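Subject: Structure handover

Dear colleague,

Here is the structure we spoke about, for you to open alongside this message. My notes on it follow below.

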Amino acid sequence: MSISIVIALIVIMLLTCIIGLLVSGQETSSHVQTLQKDIDEIENLLPQTQCRDCGFNGCRPYAEAIANRVADINRCLPGGIETIRSLSVRTGLDVKPLYKKTDKYNEPQIAFIHEEHCIGCVKCIAACPVDAIVGAPKQMHSVINAYCTGCELCIAPCPVDCISMIPA
Ligand code: SF4
Ligand code: SF4
Ligand code: SF4
């Protein structure tokens with residue numbers, strides 16, 4: 001085999017490798033874009049309560065888990081069966097009952113701070129995932145009713161038990 005043929009073969013092999021890498025890179029990029037679109041669309045179907053009752057750290061992480069097929073579509077308690085149906089249509093996964101029962105979202109509710117007992121420790125502000133509580137250190141705190149999703153995440157951290165849930 002002449003030297004020119006060997007060089008030609010090496011060039012062909014290199015070109016084949018480069019083309020293969022380019023095609024593979026495009027496929028990966030396309031897959032990532034498709035996954036992001038799936039996550040966005042699934043997240044849009046979730047109620048944005050950010051209550052973490054699904055077992056994930058908010059609606060976006062749950063949407064990511066569904067899109068990656070590591071979580072089922074029946075974990076959003078505030079969304080209830082309507083959200084499960086919507087997720088089923090979007091993902092093609094079967095409708096099934098909520099993964100656990102709760103009375104928490106049967107009636108719309110919001111948090112109420114008994115301001116006369118509030119010591120201004122700010123722990124409820126830190127716990128609220130939707131910034132529905134206003135206040136400053138050592139001053140009384142209040143709930144912005146329009147922002148409160150009724151997730152109850154502020155209840156446990158309050159050291160003086162001055163937060164209650166009331167009908168919305
Ligand atoms: S349970 Fe539903 S509303 Fe609550 S964080 Fe999870 S996906 Fe969001
Ligand atoms: S105020 Fe309490 S119940 Fe309302 S959204 Fe914030 S943490 Fe949840
Ligand atoms: S956690 Fe309770 S005491 Fe502390 S600021 Fe909030 S309402 Fe007030």
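In the protein chain, among contacts with a separation of 6 or more, 55% are between residues 24 or more positions apart. Please keep in mind that this is a predicted model. Buried residues amount to 22% of the 168 residues in the protein chain.

Overall layout

The protein chain has four helices and four strands, and from the N terminus on they follow the order α-α-α-β-α-β-β-β. With a radius of gyration of 26 Å, well over the 15 Å that the globule rule gives for 168 residues, the protein chain is more spread out than a compact globule. Along the principal axes, its C-alpha atoms fill a box of roughly 95 × 40 × 20 Å.

Domains

The protein chain splits into domain 1, covering 3-91, and domain 2, covering 107-168. On the side of domain 1 that touches domain 2, one residue is nonpolar, three are polar and none is charged. The contact between the two involves four residues of domain 1 and five residues of domain 2. Taken over C-alpha atoms, the centres of domain 1 and domain 2 are 36 Å apart.

Ligand surroundings

Ligand 1 is surrounded by 16 residues, the closest being Thr49, Cys51, Cys54, Cys59 and Cys76. That shell around ligand 1 consists of 10 nonpolar, four polar and two charged residues.

Around ligand 3 there are 15 residues, of which Cys118, Cys121, Lys123, Cys124 and Cys158 come nearest. The shell of ligand 3 holds 11 nonpolar residues, three polar ones and one charged.

One residue to look at: Gln50

Gln50 sits in the loop between α1 (3-45) and α2 (59-67). Is Gln50 buried or exposed? It is in between: Gln50 has 18 other C-beta atoms within 10 Å, and because a residue needs 20 or more to be buried and 12 or fewer to be exposed, Gln50 is partly exposed.

Which residues does Gln50 touch, not counting those up to four places away in sequence? They are Gly58, Cys59, Pro129, Val130, Thr149 and Cys151. Of these, Cys59 is also one of the closest residues to ligand 1. Pro129, Val130, Thr149 and Cys151 fall within the bounds of domain 2 (107-168), while Gln50 itself falls within domain 1 (3-91). As for Thr83, 33 residues from Gln50 along the chain, the C-alpha atoms of the two are separated by 14 Å.

Regards

Definitions and conventions: Residues numbered from 1 in each chain as written. Chains lettered and ligands numbered in written order. Predicted model: local features only at pLDDT ≥ 70, side-chain atom pairs only at ≥ 80, totals over all residues. Domains from an automatic or database assignment. Contact = placed C-beta atoms within 7 Å. Nonpolar A, V, L, I, M, F, W, Y, C, P; charged D, E, K, R; others polar. Near = placed C-beta within 6 Å. Helix = DSSP H or I, 4+ residues; strand = E, 2+ residues; numbered from the N terminus. Rg over C-alpha atoms; globule rule 2.2 N^0.38 Å.
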